[in-house]
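New to this one? Take a look at the chain below, and then we'll walk through it topic by topic.

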Amino acid sequence: MIFSQIEYLFFFVTVFTLHWLLPRRLRVPFLFFTSLAFYGSWNARYLLLILGSTLIDFVAGDRIYKSKSDQARNRWLLASLIANIGSLAVFKYFNFFIESVASLLSALGLQANLPTLNVLLPVGISFYTFQSMSYTIDIWRREREPEESLLLFATYVSFFPQLVAGPIVRAGELLGQLKSPPSLSVDKVKRAGKYFLWGLIKKNIFADLVAVKCVDVVFSDPSRFDTPTLWLAALGYSLQIYADFSGYTDMARGSALLLGYELPENFRTPYRARSITAFWQRWHISLSGWLRDYLYIALGGNRGGRYKTYRNLMLTMLLGGLWHGAAWTFVVWGGAHGAALALHRAWRGGLGARPALRALQGQAWYGALAGLLTFLFVCLTFVLFRATSFEAAAQLIVHLFIPQGGARAIHVAPLLLIVIFAAGTLLGARVDPRPLYDRVPWPLRALGYALAILALMILTPTSQVPFIYFQF
């Protein structure tokens, strides 16, 4: 059951109705069991995994807070980290590392028959383990106190709107809201409708249509297509992954808001960034913030000199790439971004800090060029993110710049969507339709949202394409 399916609409309408009809004291228990039902619809066996992780971190957080010695606090933190990272290692990375070792031994002329696990990747495991770990780490750092109610904590971990693909919500962002009686206002209904409808448009029209008509076909065999088609596919995937993931986040925020809860922003016009540093301040904000606060700073951050800072940036992004998927293409993608972040930091502190160049940075053409180069880098590295192998990625990237012949598969629909998206990205800060939009009475807007959402779910033929980040 995914947000863009009609089944979710029926599910959510039922949850929404019962949630607001129930007495306040029953709403959190209802949300907890509803969230378990939602997660169990993917694979009921993995409910034990999320419940086990929740219980371990709840107990660990309590014991960290109550322990009198640093040794005891450290042991309980280690228990939490082992439980969460261990579950990721088994279900997400075990086969990856075994196959990597086997490939290395084979390259050395040694044959090894190493065992692998025949398990499915639990949906959302990378998100809820990071979310739960942040809770125990915050208590260990003495930045928060533990939650006394296991039910409240379990609801925070399993809250279904953001459970399977984020945003990664910190305890301070949601637990406090769960403790207070939720409220529903006209403003929340208006914003929720706008979030959900816009997310659905991003997913069902922009992301899925570009994927089906262009990206999936070209990336399945880049050697068949000519250079213009390869460029269309590379640009199309940049559009697809943004529209797909930010669309999920929008629908998650809309669903949560209709239940009375605010989820944090996860995307802030990332393709208008003028540097790779600014890109990561705008893209997947909850993950980049998590990596900064719990990995980069733990490694030493920018303390200890320039070269240690560059090392910490690289290690953080290498592990961030591995978080996205159990494949070396993801690791190299993360490494490319780590190197770019280190280079940008070196530029800001060196040549880019010279007065003559600082004066140029205020010019419009400089900003446009910086934005274009940043987007081009992001777009090219996303080829690694999407490709099934290094060979396929290298072949596609090379022939973006060295023309090759082949089939031309430039469909009008994806090309038009890319043009519309590019125009919206460039003009979005300058065009504001809200004065006209705000004149429409809110009941009519609510009805319009409902009818548009229903029509999109029923009529969009590509609505069964899985969300990209469900695989992580």
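What follows is a short tour of the model, from confidence to core, pocket and a handful of single residues.

Keep in mind that this is a predicted model. The mean pLDDT of the chain is 86, with 90% of the residues at 70 or more. There is a big nonpolar core of 123 residues, the largest one in the model, and the second largest pocket takes up about 680 Å³.

**Confidence**

- Residues 429-436 are the stretch to treat with care: pLDDT stays under 50 there.
- For that same stretch, the model has 1 contact beyond four places in sequence.

**The nonpolar core**

- Within the largest nonpolar core, W283 and Y469 are the residues with the most contacts.
- Helix α9, which covers residues 227-258, supplies the largest share of this core, with 14 residues.
- What does W283 touch once its neighbours within four places in sequence are set aside? Its partners are I241, Y242, N266, F267, P270, Y271, S288, F382 and Y469.
- So the two residues named for their contacts in the core, W283 and Y469, also turn out to be in contact with one another, given that contact means heavy atoms within 4.5 Å.

**The second largest pocket**

- This pocket is lined by 22 residues, and R274, S275, H344, W347 and A370 are the closest to its centre.
- Three elements give two or more residues to the lining: α10 (276-282), α13 (328-349) and α15 (364-386).
- Which of them gives the largest share of the lining? That's α15, with 7 residues.
- Sorted by class, the lining has 11 nonpolar, 8 polar and 3 charged residues.

**Helix α8: V189 and L209**

- V189 sits in helix α8, which runs over residues 186-220.
- Measuring along the chain, V189 and V218 are 29 residues apart, and their C-alpha atoms are separated by 41 Å.
- Not counting residues up to four places away in sequence, V189 touches L184 and L258.
- L209 is also part of helix α8.
- With a relative accessible area of 22%, L209 is partly exposed, because buried would mean under 20%.
- L209 and V465 are 256 residues apart along the chain, yet 9.4 Å separates their C-alpha atoms.

**Helix α9: L239**

- L239 belongs to helix α9.
- Is L239 buried or exposed? Its relative accessibility is 1%, so it counts as buried.
- Beyond its neighbours within four places in sequence, L239 is in contact with F206, V210, L417, I418 and F421.
- From L239 to D70 the gap is 169 residues in sequence and 48 Å in space, C-alpha to C-alpha.

**Two residues with positive phi**

- As background, most residues other than glycine have a negative phi.
- T269, in the loop between α9 and α10, goes the other way with a phi near 40 degrees.
- The relative accessible area of T269 is 31%, so this residue is partly exposed.
- H284 isn't a glycine either, and its phi is positive at about 45 degrees.
- Where is H284? Look in the loop between α10 and α11 (285-299).
- H284 counts as buried because its relative accessibility is 0%.

**An exposed loop residue: E145**

- E145 is found in the loop between α5 (125-140) and α6 (150-158).
- Its relative accessibility is 53%, so E145 counts as exposed.
- Even so, E145 touches Y65 and I139, leaving out residues up to four places away in sequence.
- The C-alpha atoms of E145 and D62 are separated by 8.4 Å, although the two residues are 83 apart along the chain.

Methods
Residues are numbered from 1 along each chain as its sequence is written. This is a predicted model: local features need pLDDT of at least 70, side-chain atom pairs count only at pLDDT 80 or more; totals for chains, interfaces and linings use all residues. Side-chain values use heavy atoms; hydrogens and water are left out. pLDDT is the predictor's confidence in each residue, from 0 to 100. A nonpolar core is a set of buried Ala, Val, Leu, Ile, Met, Phe, Trp, Tyr and Cys residues joined through side-chain atoms within 4.5 Å. Buried means under 20% relative accessible area, exposed over 50%, partly exposed in between (1.4 Å probe, protein chains only). Helices (H or I, at least four residues) and strands (E, at least two) are DSSP runs, numbered from the N terminus. On a 1 Å grid over the protein atoms alone, a cavity is a set of points where a 1.4 Å probe fits but cannot get out, and a pocket is an open set with protein on both sides within 12 Å along at least five of seven lines; lining residues have an atom within 4 Å of a point. Grid points are joined across faces, edges and corners, and a volume is the space filled by probe spheres set on the points. Ala, Val, Leu, Ile, Met, Phe, Trp, Tyr, Cys and Pro count as nonpolar, Asp, Glu, Lys and Arg as charged, and the others, Gly among them, as polar.
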